[in-house]
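Me: Could you take me through one part of this structure slowly, the aromatic rings that sit together? I am new to this, so please explain each step.

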Amino acid sequence: MKSFNEIKNQDKSYIANTYARFDVAFASGKNAHFTDESGKDYIDLGSGIGTNSLGVANDEWVAAVSSQAAALAHCSNLYYNPVTADLAEKLCKNSGMKKVFFGNSGAEANECAIKTARKYSFDKYGADAQRNKILTLRNSFHGRTVTTLAATGQDVFHNYFFPFTEGFLFSAPDLCEIKNIIESDGHVCAVMLETIQGEGGVLPLEDSFLKDLCAYVHSKDILLIVDEIQTGIARTGKFLSYMHSGICPDIVTLAKGLAGGLPIGACLFNEKTEYTLGFSDHGSTFGGNLVSCAGANVVVDNVTAEGFNEEVTKKGEYIRAKLKELLGDEISAIRGRGLMLGIDFKSKTAKEIVAEGLKNGVVMLTAKQSVRLLPPLTISYEEIDEGLNRLANVFRN
Ligand SMILES: *Cc1c(COP(=O)(O)O)cnc(C)c1O
(Lines give C-alpha, C1' and ligand atoms only; values in the text may rest on other atoms or scores of the structure.)
Protein backbone atom coordinates (compact mmCIF):
# COMPACT_ATOMS: atom_id res chain seq x y z
CA MET A 1 0.00 0.00 0.00
CA LYS A 2 1.31 3.45 -0.92
CA SER A 3 1.66 5.96 1.92
CA PHE A 4 -0.49 9.08 1.95
CA ASN A 5 2.46 11.26 0.97
CA GLU A 6 3.35 9.05 -1.99
CA ILE A 7 -0.24 9.23 -3.22
CA LYS A 8 -0.38 12.99 -2.77
CA ASN A 9 2.96 13.64 -4.47
CA GLN A 10 2.05 11.51 -7.47
CA ASP A 11 -1.33 13.24 -7.74
CA LYS A 12 0.28 16.70 -7.51
CA SER A 13 2.89 15.73 -10.13
CA TYR A 14 0.55 14.31 -12.73
CA ILE A 15 -3.04 15.46 -12.24
CA ALA A 16 -4.09 18.90 -13.50
CA ASN A 17 -4.28 21.40 -10.71
CA THR A 18 -8.06 22.05 -10.79
CA TYR A 19 -9.03 20.68 -7.36
CA ALA A 20 -8.10 21.87 -3.88
CA ARG A 21 -8.16 18.43 -2.29
CA PHE A 22 -8.37 17.69 1.42
CA ASP A 23 -5.40 15.78 2.88
CA VAL A 24 -7.14 12.40 2.85
CA ALA A 25 -6.91 9.47 0.44
CA PHE A 26 -9.82 7.05 0.60
CA ALA A 27 -9.29 3.38 -0.12
CA SER A 28 -12.53 1.50 0.57
CA GLY A 29 -15.83 1.60 2.41
CA LYS A 30 -19.16 0.01 3.25
CA ASN A 31 -22.50 1.79 3.12
CA ALA A 32 -21.89 5.14 4.91
CA HIS A 33 -18.41 4.22 6.11
CA PHE A 34 -15.24 5.26 4.27
CA THR A 35 -11.79 3.96 5.17
CA ASP A 36 -8.69 5.95 4.30
CA GLU A 37 -5.33 4.55 3.20
CA SER A 38 -4.13 4.37 6.83
CA GLY A 39 -7.20 2.41 7.96
CA LYS A 40 -9.01 5.30 9.70
CA ASP A 41 -12.83 5.15 9.64
CA TYR A 42 -15.09 8.01 8.49
CA ILE A 43 -18.86 8.42 8.33
CA ASP A 44 -19.81 9.62 4.87
CA LEU A 45 -22.44 12.38 4.82
CA GLY A 46 -21.62 13.49 1.26
CA SER A 47 -21.81 10.31 -0.84
CA GLY A 48 -19.13 11.62 -3.21
CA ILE A 49 -21.29 14.68 -4.06
CA GLY A 50 -24.55 12.77 -4.04
CA THR A 51 -23.47 9.96 -6.34
CA ASN A 52 -23.24 6.94 -4.02
CA SER A 53 -27.01 6.71 -3.52
CA LEU A 54 -26.85 3.17 -2.17
CA GLY A 55 -23.68 3.85 -0.19
CA VAL A 56 -20.35 2.16 -0.82
CA ALA A 57 -20.17 -1.46 -2.00
CA ASN A 58 -23.90 -2.26 -1.84
CA ASP A 59 -24.02 -6.04 -2.37
CA GLU A 60 -26.70 -6.07 -5.07
CA TRP A 61 -25.06 -3.17 -6.95
CA VAL A 62 -21.58 -4.77 -6.80
CA ALA A 63 -22.99 -8.06 -8.11
CA ALA A 64 -24.82 -6.38 -11.01
CA VAL A 65 -21.90 -4.13 -11.99
CA SER A 66 -19.26 -6.84 -11.78
CA SER A 67 -21.25 -9.44 -13.66
CA GLN A 68 -22.01 -6.84 -16.36
CA ALA A 69 -18.31 -5.94 -16.59
CA ALA A 70 -17.53 -9.63 -17.00
CA ALA A 71 -20.27 -10.20 -19.60
CA LEU A 72 -20.11 -7.04 -21.78
CA ALA A 73 -18.92 -3.62 -20.63
CA HIS A 74 -19.65 -1.77 -23.83
CA CYS A 75 -20.85 -2.36 -27.36
CA SER A 76 -21.56 1.21 -28.63
CA ASN A 77 -24.85 2.76 -29.64
CA LEU A 78 -24.72 1.13 -33.07
CA TYR A 79 -26.35 -1.96 -31.56
CA TYR A 80 -29.15 -2.96 -29.21
CA ASN A 81 -28.31 -4.43 -25.82
CA PRO A 82 -30.35 -6.00 -23.02
CA VAL A 83 -29.47 -3.54 -20.21
CA THR A 84 -29.78 0.07 -21.39
CA ALA A 85 -33.35 -0.26 -22.61
CA ASP A 86 -34.36 -1.74 -19.22
CA LEU A 87 -33.09 1.40 -17.52
CA ALA A 88 -34.85 3.68 -20.01
CA GLU A 89 -38.15 1.86 -19.40
CA LYS A 90 -37.72 2.14 -15.63
CA LEU A 91 -36.97 5.86 -15.84
CA CYS A 92 -40.00 6.49 -18.07
CA LYS A 93 -42.41 4.37 -16.05
CA ASN A 94 -41.37 5.96 -12.76
CA SER A 95 -41.53 9.53 -14.08
CA GLY A 96 -44.28 9.51 -16.68
CA MET A 97 -41.77 10.80 -19.23
CA LYS A 98 -41.72 9.16 -22.67
CA LYS A 99 -38.11 8.72 -23.82
CA VAL A 100 -34.52 8.96 -22.61
CA PHE A 101 -31.19 10.03 -24.12
CA PHE A 102 -28.16 8.71 -22.23
CA GLY A 103 -24.88 10.60 -21.81
CA ASN A 104 -22.12 10.36 -19.21
CA SER A 105 -22.47 13.35 -16.92
CA GLY A 106 -24.76 16.07 -15.68
CA ALA A 107 -23.35 18.71 -17.99
CA GLU A 108 -23.94 16.43 -20.98
CA ALA A 109 -27.52 15.79 -19.88
CA ASN A 110 -28.07 19.56 -19.73
CA GLU A 111 -26.39 20.08 -23.12
CA CYS A 112 -28.88 17.60 -24.53
CA ALA A 113 -31.76 19.44 -22.84
CA ILE A 114 -30.60 22.80 -24.27
CA LYS A 115 -30.21 21.38 -27.80
CA THR A 116 -33.65 19.79 -27.56
CA ALA A 117 -35.34 22.97 -26.33
CA ARG A 118 -33.82 25.03 -29.15
CA LYS A 119 -34.72 22.47 -31.81
CA TYR A 120 -38.29 22.17 -30.50
CA SER A 121 -38.84 25.88 -31.24
CA PHE A 122 -36.78 25.79 -34.46
CA ASP A 123 -38.95 22.96 -35.80
CA LYS A 124 -42.22 24.56 -34.72
CA TYR A 125 -41.65 28.28 -35.30
CA GLY A 126 -38.89 28.28 -37.94
CA ALA A 127 -35.36 29.68 -38.00
CA ASP A 128 -36.57 33.24 -38.61
CA ALA A 129 -38.44 33.40 -35.30
CA GLN A 130 -35.08 33.03 -33.47
CA ARG A 131 -36.95 31.49 -30.58
CA ASN A 132 -33.77 30.09 -29.01
CA LYS A 133 -33.12 31.75 -25.65
CA ILE A 134 -33.21 29.90 -22.37
CA LEU A 135 -34.01 31.59 -19.09
CA THR A 136 -32.31 30.18 -16.00
CA LEU A 137 -32.28 31.35 -12.39
CA ARG A 138 -29.66 33.50 -10.73
CA ASN A 139 -27.40 31.47 -8.45
CA SER A 140 -28.12 28.28 -10.41
CA PHE A 141 -25.53 25.66 -11.39
CA HIS A 142 -25.90 23.64 -14.59
CA GLY A 143 -22.41 22.34 -15.42
CA ARG A 144 -18.87 23.10 -16.59
CA THR A 145 -18.96 22.87 -20.38
CA VAL A 146 -18.88 26.21 -22.22
CA THR A 147 -22.64 26.10 -22.82
CA THR A 148 -23.68 24.87 -19.38
CA LEU A 149 -21.38 27.48 -17.80
CA ALA A 150 -23.22 30.06 -19.89
CA ALA A 151 -26.49 28.60 -18.55
CA THR A 152 -25.24 28.84 -14.95
CA GLY A 153 -26.65 31.98 -13.35
CA GLN A 154 -23.54 33.07 -11.47
CA ASP A 155 -21.14 35.71 -12.79
CA VAL A 156 -18.09 33.99 -11.26
CA PHE A 157 -18.50 31.20 -13.82
CA HIS A 158 -18.59 33.61 -16.76
CA ASN A 159 -14.90 34.35 -17.01
CA TYR A 160 -11.76 33.40 -18.97
CA PHE A 161 -13.35 31.10 -21.53
CA PHE A 162 -14.84 33.68 -23.88
CA PRO A 163 -16.80 33.60 -26.07
CA PHE A 164 -19.53 31.78 -24.15
CA THR A 165 -22.56 30.31 -25.86
CA GLU A 166 -25.10 33.05 -26.41
CA GLY A 167 -28.79 32.97 -25.62
CA PHE A 168 -29.13 32.72 -21.85
CA LEU A 169 -31.18 35.09 -19.71
CA PHE A 170 -31.23 35.15 -15.92
CA SER A 171 -33.93 35.95 -13.39
CA ALA A 172 -34.61 35.76 -9.69
CA PRO A 173 -37.11 33.03 -8.79
CA ASP A 174 -39.89 35.57 -9.06
CA LEU A 175 -42.78 35.08 -11.47
CA CYS A 176 -43.25 38.80 -12.19
CA GLU A 177 -39.60 39.25 -13.14
CA ILE A 178 -39.65 36.07 -15.26
CA LYS A 179 -42.79 37.21 -17.11
CA ASN A 180 -41.26 40.63 -17.75
CA ILE A 181 -38.07 39.15 -19.16
CA ILE A 182 -39.87 36.61 -21.34
CA GLU A 183 -42.38 39.10 -22.69
CA SER A 184 -39.95 41.91 -23.36
CA ASP A 185 -37.41 39.57 -24.99
CA GLY A 186 -39.81 37.57 -27.15
CA HIS A 187 -37.27 34.86 -28.06
CA VAL A 188 -37.43 32.50 -25.09
CA CYS A 189 -37.90 28.80 -25.90
CA ALA A 190 -37.38 27.32 -22.41
CA VAL A 191 -36.96 27.95 -18.71
CA MET A 192 -34.44 25.75 -16.92
CA LEU A 193 -34.20 25.40 -13.13
CA GLU A 194 -33.23 23.27 -10.13
CA THR A 195 -36.07 22.79 -7.61
CA ILE A 196 -33.44 23.12 -4.88
CA GLN A 197 -30.30 24.98 -5.93
CA GLY A 198 -27.60 22.58 -4.77
CA GLU A 199 -24.24 24.19 -5.51
CA GLY A 200 -25.90 27.57 -4.92
CA GLY A 201 -26.32 26.85 -1.19
CA VAL A 202 -29.21 24.34 -0.87
CA LEU A 203 -31.92 26.91 -1.65
CA PRO A 204 -35.36 25.41 -2.28
CA LEU A 205 -38.00 26.97 -4.52
CA GLU A 206 -41.58 27.15 -3.25
CA ASP A 207 -43.91 24.46 -4.63
CA SER A 208 -46.50 27.17 -5.35
CA PHE A 209 -43.94 29.18 -7.39
CA LEU A 210 -43.13 26.06 -9.44
CA LYS A 211 -46.83 25.45 -10.13
CA ASP A 212 -47.49 29.04 -11.21
CA LEU A 213 -44.34 29.18 -13.32
CA CYS A 214 -45.17 25.88 -15.01
CA ALA A 215 -48.71 27.03 -15.87
CA TYR A 216 -47.39 30.34 -17.22
CA VAL A 217 -44.63 28.91 -19.46
CA HIS A 218 -46.92 26.20 -20.80
CA SER A 219 -49.50 28.85 -21.73
CA LYS A 220 -46.76 30.35 -23.97
CA ASP A 221 -45.52 27.01 -25.39
CA ILE A 222 -42.21 27.63 -23.59
CA LEU A 223 -40.61 24.40 -22.38
CA LEU A 224 -39.86 23.73 -18.73
CA ILE A 225 -36.53 21.95 -18.16
CA VAL A 226 -35.99 20.67 -14.62
CA ASP A 227 -32.36 19.93 -13.74
CA GLU A 228 -32.75 17.01 -11.31
CA ILE A 229 -29.05 16.13 -11.45
CA GLN A 230 -28.60 16.68 -7.71
CA THR A 231 -32.20 16.49 -6.47
CA GLY A 232 -33.37 13.41 -8.41
CA ILE A 233 -33.36 9.65 -7.72
CA ALA A 234 -35.09 9.85 -4.30
CA ARG A 235 -32.63 12.39 -2.84
CA THR A 236 -35.52 14.56 -1.55
CA GLY A 237 -37.97 11.78 -0.65
CA LYS A 238 -39.69 11.53 -4.05
CA PHE A 239 -38.30 9.75 -7.10
CA LEU A 240 -37.83 13.20 -8.72
CA SER A 241 -38.04 16.34 -6.63
CA TYR A 242 -40.50 18.22 -8.89
CA MET A 243 -43.07 15.56 -7.94
CA HIS A 244 -43.49 17.31 -4.57
CA SER A 245 -45.14 20.18 -6.43
CA GLY A 246 -47.09 18.14 -8.99
CA ILE A 247 -45.71 20.04 -12.01
CA CYS A 248 -45.12 18.39 -15.41
CA PRO A 249 -41.77 19.37 -16.95
CA ASP A 250 -41.10 18.86 -20.66
CA ILE A 251 -37.47 17.84 -20.17
CA VAL A 252 -35.78 16.42 -17.06
CA THR A 253 -32.05 15.88 -16.58
CA LEU A 254 -30.45 13.29 -14.29
CA ALA A 255 -26.90 12.29 -13.41
CA LYS A 256 -25.19 12.26 -9.99
CA GLY A 257 -27.07 9.61 -7.97
CA LEU A 258 -28.48 7.65 -10.90
CA ALA A 259 -25.87 4.91 -11.30
CA GLY A 260 -24.79 4.67 -7.65
CA GLY A 261 -21.27 6.04 -8.26
CA LEU A 262 -20.65 5.27 -11.92
CA PRO A 263 -20.66 7.97 -14.63
CA ILE A 264 -24.00 8.49 -16.32
CA GLY A 265 -26.24 11.30 -17.50
CA ALA A 266 -29.80 11.08 -18.75
CA CYS A 267 -32.12 13.52 -20.46
CA LEU A 268 -35.81 12.61 -20.27
CA PHE A 269 -38.41 13.88 -22.75
CA ASN A 270 -42.18 14.11 -22.43
CA GLU A 271 -44.80 13.73 -25.18
CA LYS A 272 -43.97 17.22 -26.53
CA THR A 273 -40.23 16.64 -26.88
CA GLU A 274 -39.80 12.87 -27.36
CA TYR A 275 -39.35 13.15 -31.16
CA THR A 276 -37.53 16.50 -31.25
CA LEU A 277 -34.10 14.89 -31.60
CA GLY A 278 -34.03 12.51 -34.54
CA PHE A 279 -31.42 10.36 -36.30
CA SER A 280 -27.91 11.84 -35.99
CA ASP A 281 -29.12 15.02 -34.23
CA HIS A 282 -27.23 13.97 -31.09
CA GLY A 283 -25.01 11.16 -29.87
CA SER A 284 -22.42 9.93 -27.39
CA THR A 285 -19.85 7.15 -27.68
CA PHE A 286 -20.14 5.99 -24.09
CA GLY A 287 -23.73 7.10 -23.44
CA GLY A 288 -25.86 4.22 -22.15
CA ASN A 289 -22.75 2.24 -21.21
CA LEU A 290 -23.82 -1.19 -20.00
CA VAL A 291 -21.87 -1.21 -16.73
CA SER A 292 -23.24 2.19 -15.67
CA CYS A 293 -26.75 1.15 -16.71
CA ALA A 294 -26.49 -2.16 -14.81
CA GLY A 295 -25.61 -0.15 -11.70
CA ALA A 296 -28.41 2.33 -12.38
CA ASN A 297 -30.96 -0.46 -12.77
CA VAL A 298 -30.17 -1.60 -9.22
CA VAL A 299 -30.34 1.98 -7.92
CA VAL A 300 -33.71 2.65 -9.56
CA ASP A 301 -35.16 -0.69 -8.38
CA ASN A 302 -34.09 0.06 -4.82
CA VAL A 303 -35.22 3.68 -4.60
CA THR A 304 -38.62 2.93 -6.14
CA ALA A 305 -39.29 -0.01 -3.81
CA GLU A 306 -42.27 0.33 -1.45
CA GLY A 307 -41.49 2.58 1.50
CA PHE A 308 -38.04 3.75 0.34
CA ASN A 309 -38.94 7.41 -0.13
CA GLU A 310 -40.82 7.52 3.19
CA GLU A 311 -37.65 6.23 4.84
CA VAL A 312 -35.57 8.98 3.13
CA THR A 313 -38.02 11.58 4.45
CA LYS A 314 -37.91 10.09 7.96
CA LYS A 315 -34.12 10.03 8.01
CA GLY A 316 -34.02 13.66 6.85
CA GLU A 317 -36.32 14.63 9.71
CA TYR A 318 -34.26 12.56 12.13
CA ILE A 319 -31.06 14.38 11.06
CA ARG A 320 -32.73 17.78 11.52
CA ALA A 321 -33.97 16.85 15.01
CA LYS A 322 -30.63 15.37 16.00
CA LEU A 323 -28.75 18.44 14.73
CA LYS A 324 -30.97 20.71 16.83
CA GLU A 325 -30.51 18.49 19.87
CA LEU A 326 -26.69 18.33 19.54
CA LEU A 327 -25.90 21.75 18.07
CA GLY A 328 -29.06 23.84 18.40
CA ASP A 329 -27.23 26.89 19.74
CA GLU A 330 -24.67 26.80 16.92
CA ILE A 331 -27.15 26.56 14.04
CA SER A 332 -28.89 29.53 12.46
CA ALA A 333 -30.76 27.72 9.65
CA ILE A 334 -31.43 24.29 8.16
CA ARG A 335 -32.80 24.13 4.60
CA GLY A 336 -33.59 21.42 2.08
CA ARG A 337 -35.71 18.33 1.72
CA GLY A 338 -35.24 14.65 2.47
CA LEU A 339 -31.54 13.80 2.53
CA MET A 340 -30.43 17.03 0.83
CA LEU A 341 -29.71 19.47 3.64
CA GLY A 342 -27.94 22.82 3.93
CA ILE A 343 -26.97 24.03 7.39
CA ASP A 344 -25.81 27.50 8.40
CA PHE A 345 -23.66 27.72 11.51
CA LYS A 346 -23.04 30.80 13.63
CA SER A 347 -19.51 30.60 15.01
CA LYS A 348 -17.52 28.74 12.34
CA THR A 349 -17.46 28.85 8.56
CA ALA A 350 -18.66 25.91 6.48
CA LYS A 351 -15.10 25.42 5.21
CA GLU A 352 -13.72 25.18 8.75
CA ILE A 353 -16.44 22.77 9.83
CA VAL A 354 -15.92 20.44 6.87
CA ALA A 355 -12.11 20.46 7.32
CA GLU A 356 -12.33 19.86 11.08
CA GLY A 357 -15.08 17.27 10.52
CA LEU A 358 -12.73 15.25 8.33
CA LYS A 359 -10.14 15.22 11.13
CA ASN A 360 -12.90 13.96 13.43
CA GLY A 361 -13.90 11.19 10.98
CA VAL A 362 -16.97 12.63 9.25
CA VAL A 363 -17.17 13.55 5.55
CA MET A 364 -19.35 16.54 4.63
CA LEU A 365 -19.66 19.02 1.76
CA THR A 366 -20.01 22.77 1.48
CA ALA A 367 -22.37 24.74 -0.74
CA LYS A 368 -21.46 28.43 -0.75
CA GLN A 369 -21.48 29.51 2.94
CA SER A 370 -23.41 26.43 4.12
CA VAL A 371 -22.48 22.93 5.19
CA ARG A 372 -24.20 20.54 2.80
CA LEU A 373 -25.22 16.99 3.69
CA LEU A 374 -26.03 14.48 0.94
CA PRO A 375 -25.63 11.19 2.83
CA PRO A 376 -26.14 7.86 1.09
CA LEU A 377 -29.89 7.22 0.91
CA THR A 378 -29.23 3.88 2.63
CA ILE A 379 -27.46 5.41 5.64
CA SER A 380 -28.51 3.66 8.88
CA TYR A 381 -29.69 5.45 12.02
CA GLU A 382 -26.53 4.23 13.79
CA GLU A 383 -24.40 5.76 11.05
CA ILE A 384 -26.34 9.04 11.29
CA ASP A 385 -25.85 9.14 15.08
CA GLU A 386 -22.14 8.43 14.77
CA GLY A 387 -21.65 10.96 11.96
CA LEU A 388 -23.50 13.74 13.78
CA ASN A 389 -21.68 13.04 17.04
CA ARG A 390 -18.39 13.41 15.18
CA LEU A 391 -19.69 16.68 13.70
CA ALA A 392 -20.69 17.87 17.18
CA ASN A 393 -17.13 17.15 18.38
CA VAL A 394 -15.93 19.86 16.01
CA PHE A 395 -17.61 22.35 18.35
CA ARG A 396 -16.29 20.73 21.54
CA ASN A 397 -12.59 20.75 20.64
C1 LIG B 1 -23.46 18.47 -10.45
C2 LIG B 1 -24.48 19.21 -11.20
C3 LIG B 1 -24.37 19.43 -12.58
C4 LIG B 1 -23.14 19.00 -13.38
O5 LIG B 1 -22.96 17.62 -13.37
P6 LIG B 1 -21.56 16.99 -13.89
O7 LIG B 1 -21.80 15.50 -13.82
O8 LIG B 1 -20.51 17.46 -12.95
O9 LIG B 1 -21.35 17.46 -15.27
C10 LIG B 1 -25.40 20.09 -13.23
N11 LIG B 1 -26.49 20.51 -12.56
C12 LIG B 1 -26.63 20.31 -11.24
C13 LIG B 1 -27.88 20.78 -10.54
C14 LIG B 1 -25.63 19.67 -10.50
O15 LIG B 1 -25.76 19.51 -9.18
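Reply: Happy to! Let's start with Phe34, which is buried, with a relative accessible area of 11%; that counts as buried because the cut-off is under 20%. Keep in mind that this is a predicted model.

Now look at the partner of Phe34. The ring centres of Phe26 and Phe34 are 4.7 Å apart, and their planes meet at 45°, so this pair is called tilted. The label follows because only planes under 30 degrees apart count as stacked and those over 60 as edge-to-face. Phe26 itself is partly exposed, with a relative accessible area of 37%.

Phe26 has a second ring beside it in the pairing list, that of Tyr42. Here the centres are 5.0 Å apart and the planes stand at 85°, so Phe26 and Tyr42 make an edge-to-face pair. This pair links distant parts of the chain: Phe26 belongs to strand β1 (residues 26–30) and Tyr42 to strand β3 (residues 41–44), with their positions 16 residues apart in numbering. Tyr42 is buried, with a relative accessible area of 3%.

Put these pieces together and you have one aromatic cluster, formed by Phe26, Phe34 and Tyr42. In the whole model, the count of aromatic pairs comes to seven.

One more ring is worth a look while you are here: Arg131 lies over the face of Tyr125, at 4.2 Å from the ring centre.

Definitions and conventions:
Residues are numbered from 1 along each chain as its sequence is written. This is a predicted model: local features need pLDDT of at least 70, side-chain atom pairs count only at pLDDT 80 or more; totals for chains, interfaces and linings use all residues. Side-chain values use heavy atoms; hydrogens and water are left out. Rings of Phe, Tyr and Trp (its six-membered ring) pair if their centres lie within 6.5 Å; planes under 30 degrees apart count as stacked, over 60 as edge-to-face and the rest as tilted. Buried means under 20% relative accessible area, exposed over 50%, partly exposed in between (1.4 Å probe, protein chains only). Helices (H or I, at least four residues) and strands (E, at least two) are DSSP runs, numbered from the N terminus. A charge sits over a ring if NZ of Lys or CZ of Arg is within 6 Å of the ring centre and within 35 degrees of the ring normal.
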